[in-house]
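Student: I'd like a close look at one part of this protein, please. Could you pick a good place and walk me through it slowly?

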Amino acid sequence: MANTSPGQLLVPQRRALWDDIKGIPGSMQLVDIPRIRNTWIYGYIIDGIKYLAAGAAVDAIRRSFLWLYQRVKLRYSTSAEFVMGDPSYEWIVLFLTENNVWQRTRDFRVTSKTSKLVYGVSVSADPEINGVADYVPTYEAPQLFRWRGCWVEVQRFRAQVQGTNGQPQQAAAIFLTVFTRKLSVLSELVEEAHRGYQRKIKPYVTIFLADSPSYGGSFLWNVKRKPHRPIESIILPDGVLDDLISDAKRFFASESWYHRAGIPHRRGYLLYGPPGTGKSSTIHAVAGVLNLEIHSFSLSSGFVDDGFLQRAVATIPKRSIVLVEDIDCALPARDDDDESDAGSPARRHRPSRRTGATLSGLLNMIDGIGSEEGKLFFATTNYVDRLDPALMRPGRIDRRIRYALATRAQASRLYERLFKDAEVDTGPGRRGTFDDDGLAAEADAPDQIVSEPIGAVGPPSDPAVSTPTKISDARLADLAQQFAAAMRDCEFSPAELQGYLLSNRERPVAAAAEMAAWVARQREAGEAKEAARAERKERVRAARAQMEAARFQQQYGAYAPYPYPMPPMGALPPPPLEGDADATTVPPSEVFSAPPPGSGADVTAVPPSEAFSAPPPAVPESPPSPADSPALVPAASPPPLPKHVNGINGI
Ligand SMILES: Nc1ncnc2c1ncn2[C@@H]1O[C@H](COP(=O)(O)OP(=O)(O)OP(=O)(O)O)[C@@H](O)[C@H]1O
């Protein structure tokens, strides 16, 4: 390296620039600064210094601005984050929609999935075109709008986070900044958003379903809206619903009493009974009447565990319904004839081990519900006898409501409800032949019953042939009676009856007339199912008894007192199954090689290994049929179990 002295600069020789790049020594030379003023390199150096200075200045200004902005923002703004899955996210999205904030955006993602209620961006005046797809604002573009004299900045974020099941989850959040020194503006905005949301969703019941894994510190609720269910559409014995609603109203009205008494402001209801009897429908109707949101847990989801329940319950706001459907899911499965009803509708209600939640986790969750005041806790089950007493104690469950299969009176009301606006065909030239009770006309024209096209789906094509007339009340009541008389009390669930009536929803007269045939078919199918079920159950029982006997004899010897009815000689071990070539069967002579009872030999003194020298009999892979081991089959098959335990609805 050459020594430089003041006033000199080391520069590459112009001629040897290429050599310098290649590292050829000797290509640099010392030049006096005054001399290089006129050289080509001088311009580069000066320009470089200028650019450097300009860049540094710009960066300093940017940093100062940011610094200032942060300070101003801190002092003159308040901000809040709303995370998808939290109820407040719904409020704020609707608020922004109603304030037309998204209308100003120019970046959209087009989707046909998102509900229009959420963004409500219309890009066309034609409502039909608008309905085709929804225009979801892109996430990152911030929007500025004015609200009550303040500037508000809104920005959406999209985040990918890891769910509790280890799978990545898409989550969105809205970040709101209100530029004002008054803290109250933000809370006023949130309150207004909430009020607007309540107004907007009044005709709907909002259901938050905890059927997705939570992420981070937030909780992911799946939000659904259902139109209110009219309370009169639930057909239960008189007084049941009114009593439930007035009880819930009384509960909300007595908040201060609960506080004074030091009791958590929570009320628990257990709705139990066979499937399809109206338990869930009741809760939806009550939520509509009391204007409450439902937060529902699905215990059978694989990712649900105690921690999940705790996190979920912590996010539920005041004045809501907490619903745990099929609460028996959290209890340990019974080790009885679980498989005996495979394929039956009740099977889906069987307690399973699929949930990671434990009973104690569930109890903690229920107790946690009271930590935020004003919540109704509803639990439903088809297996009330399996519930733990700890779950049922007052304070957790305050009232129990029993649901049962439909009585004839309920069936008749169900019919009337479904067909009250129906039209019946009076046929050509028969207009007006129905008198007020409508009976005479039908007696005159039985053929009309068969060919009735009912105008529920639109007017008939040929008025000369078909003359639909709105069904009279008397006629409706008569048909309803006919419909209900075809069945027994508590034979079918309202859901089953509703299914039948819906399949005939355009044929009210035929629905009543053909009910008897439908009932006969149902009974036949039910009996066949019961017989198959009883047979399956008996086969399982026989196989178990056989295995038990084999195991017992292997362990204690052939002549140990056997606690079960002994199978006759030769019945054990079971015959090899068809196709089971490897099954090792032991001849009876080898199995029973010990001395006969009464011969003086001490059975207990014989070690099991000696008493039973032959290998254990093969355990059948599938239970043998009763015909294979007649000694294990009772003389007569047990009578089929009643399909449902009949009961009287009521509290
Ligand atoms: N008592 C009833 N009155 C009117 N409709 C009913 C009644 N019970 C059941 N239904 C109808 O049957 C269907 C199923 O009812 P719902 O889901 O409320 O029954 P559930 O008892 O909750 O059944 P599950 O135990 O299987 O959850 C609904 O469409 C509902 O309209």
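Tutor: Happily! Of the contacts in the protein with a separation of 6 or more, 75% join residues 24 or more positions apart (a contact means C-beta atoms, placed from the backbone, within 7 Å). Please keep in mind that this is a predicted model, where local features need pLDDT of at least 70 and side-chain atom pairs count only at pLDDT 80 or more, while totals for chains, interfaces and linings use all residues. Numbering starts from 1 along each chain, as its sequence is written.

For orientation, the protein has 22 helices and 17 strands (DSSP runs numbered from the N terminus: helices are H or I with at least four residues, strands E with at least two). Of its 651 residues, 28% are buried (20 or more other C-beta atoms within 10 Å of their own; 12 or fewer is exposed, in between is partly exposed).

The part I would pick is strand β13, residues 320-324. It belongs to an open sheet of seven strands, which run in the order β10-β9-β12-β13-β14-β11-β15 with mixed pairing (two strands pair if DSSP finds at least two bridges between them). At the edges stand β10 (222-227) and β15 (399-402); each has a single partner strand, so one side of each lacks a neighbour in the sheet. On average, neighbouring strands of this sheet are turned by 25° against each other, direction ignored.

β13 itself has partners on two sides. With β12 (residues 293-297) it pairs in the parallel sense over five bridges. Two of the matches to follow on screen are E293 with S320 and H295 with V322. With β14 (residues 375-381), β13 again pairs in the parallel sense, over five bridges, and here V324 stands opposite A379.

Now look at how β13 is covered. Five of its five residues are buried, so the strand is largely enclosed by the rest of the structure. In a regular strand the side chains alternate between the two faces of the sheet. In β13, S320, V322 and V324 are buried on one side, and I321 and L323 are buried on the other, so both faces are covered.

Just before β13 in sequence comes helix α11 (residues 306-314), in which F308, L309, A312 and V313 are buried. These four span an arc of only 125° around the axis, which puts them on the same side of α11 (the arc is that of the directions from the helix axis to the C-beta atoms). An α-helix has 3.6 residues a turn, so residues three or four places apart point the same way.

Elsewhere on the sheet, helix α8 lies across β11 (266-272), β14 and β15, and runs at about 160° to β15 (axes are lines fitted to C-alpha atoms, for helices over the stretch in contact, and angles run from 0 to 180 degrees between N-to-C directions). α8 (residues 240-253) also packs against α10 (residues 279-290), at an angle of about 50° and with the axes 11 Å apart. From α8, L241, L244, I245, A248 and K249 make the contact; from α10, T282, V286, V289 and L290 do.

Key:
Two residues are in contact if their C-beta atoms, placed from the backbone, lie within 7 Å.
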